[in-house]
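Biologist: Could you take a close look at one part of this model for me, the charged side chains and how they pair? I would like one connected account rather than a list.

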Amino acid sequence: MSSLMIRRVMLLPFLLSCLLSQTASFTTPANCASRHVRTAPSTSFSSSIEPSRATTTVICRYSMQTNPAALIDDVLRGNSTAAASIVSALTYVRGTDTMEQYLNNMMPPHAQTLPLWTRLPLATRYSRRARQYRLRRLIELSTPTPDNPHEDDVSSKSRRERRTLFVLLRSIAENPDGGGYRGISALFAEAKRDAVNAVILSPAELSKRTPPDLETPRYTVLETRGNGLEIRRYEPFAVCSVTMKDLTTRSSDGKSASRLSNPQLSGAKSFGALAGYLFGENQSKKPMKMTTPVLTEGEGDEKKMSFVLPSDYWKSETMVDAPQPLSDSAVRIAPVQGSVRGVLAFGGYGGKSDAMSKKLKALLQKDNEWCAVEDAPVLLAQYNDPFTPPWKRRNEVSVLVAPRGK
């Protein structure tokens, strides 16, 4: 008997148990979607999902009254329209206990409490619990680590996991049925591949993970290595920056930080202060265009976070026209000179930066043509918004380099 036949015979008891112990759903994603199409918003889901209040009210009532376990299972089978319904409802009640409770009700059981057969590759076609197992593993892969693991507890971990579930639902909602989302198994496989292949090697993949229509510092790739190392020549640009030790809660920065912090980034208060400046909390009360990436260097109180200013202010003669920070703000404006940098790109969250920084330095030590400039700090660049799942994110670590022997 062939190995394929043996596997099929071994699978028969499992399939029969599924059919007898629970109602096996053979409904197609298209049929699932028909139950939600009347309540789903017709707008495309970009970086911000904000349907009209009237539309959202209908969606909110429908989604919140629907059994969370049933609705999330529609999503796991491949129905992105169900995800759109959930996201619209949760956006409507965002920041409230209702949102937290509803996300909590959709959280899958822990993997160790589910039967071993839920790991079987074909199980997700027939079993809700097998789909729950893959969702739980996807959440485990996608939840960022805390800034300080020693201060982490069960409550904070649960909050991070609920936020991760919301991010996953947003990502699914942005892919209409038939437009890229094929169910939880395909999504889990994509996330696992990204977790294993930490370094981004392909220029096409870098481009795909870069937010469109946002300005970013201009550079030319001088050399590319097969191990992922790139040598780039950057043109001059300008930044607004905050150093952690200069932030105070009583200043205008403190107010901005409390409203605009990004929990996916280390140094969330710095992010809020810089976002406030960019969004118009400056002496000119002038909002500016968003740019990418967010740049971070240093440690502890010396950690500095920077936003790239719009290109209108990149030249030395035009940087003086940039809106000045408020008088009590720790935000500072500064030029960044053109430079040659060694760069290593990776997916996931910025928490990997320490390991990637060591890898970057090790690659440069072995390189025959370029070496890191002595005592030059490693710079972390994070390109994506907080609602981008880890397997679609672009991060980079870079350091100043010079030709070896000079």
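Modeller: Arginine 209 is a good place to begin, and since this is a predicted model, what follows describes computed geometry. With a relative accessible area of 7%, arginine 209 falls under the 20% limit and is therefore buried. Its salt-bridge partner is aspartate 194, and the closest N and O atoms of the two are 2.6 Å apart. This pair links distant parts of the chain, because aspartate 194 belongs to helix H9 (residues 184-196) whereas arginine 209 sits in the loop between H10 and E1, 15 residues apart. Aspartate 194 is buried as well, its relative accessible area being 9%.

Turning to another pair, glutamate 100 forms a salt bridge with arginine 162, with 2.6 Å between the closest N and O atoms. Here too distant parts of the chain are linked, glutamate 100 lying in helix H6 (residues 97-106) and arginine 162 in helix H8 (residues 154-173), 62 residues apart. In this pair arginine 162 counts as buried because its relative accessibility is 14%, while glutamate 100, at 30%, counts as partly exposed.

A further salt bridge joins glutamate 396 to arginine 394, where the closest N and O atoms are again 2.6 Å apart, and both of these residues are buried. Beyond such pairs, Asp73, Asp74, Arg77 and Arg131 are linked in a network of salt bridges. The structure as a whole holds 16 salt bridges, and as general background, side chains of opposite charge can pair when their charged atoms come close.

Definitions and conventions
Residues numbered from 1 in each chain as written. Predicted model: local features only at pLDDT ≥ 70, side-chain atom pairs only at ≥ 80, totals over all residues. Heavy atoms only, no water. Salt bridge = Lys/Arg side-chain N within 4 Å of Asp/Glu carboxyl O. Helix = DSSP H or I, 4+ residues; strand = E, 2+ residues; numbered from the N terminus. Buried < 20%, exposed > 50% of the residue type's maximum accessible area, 1.4 Å probe, protein only.
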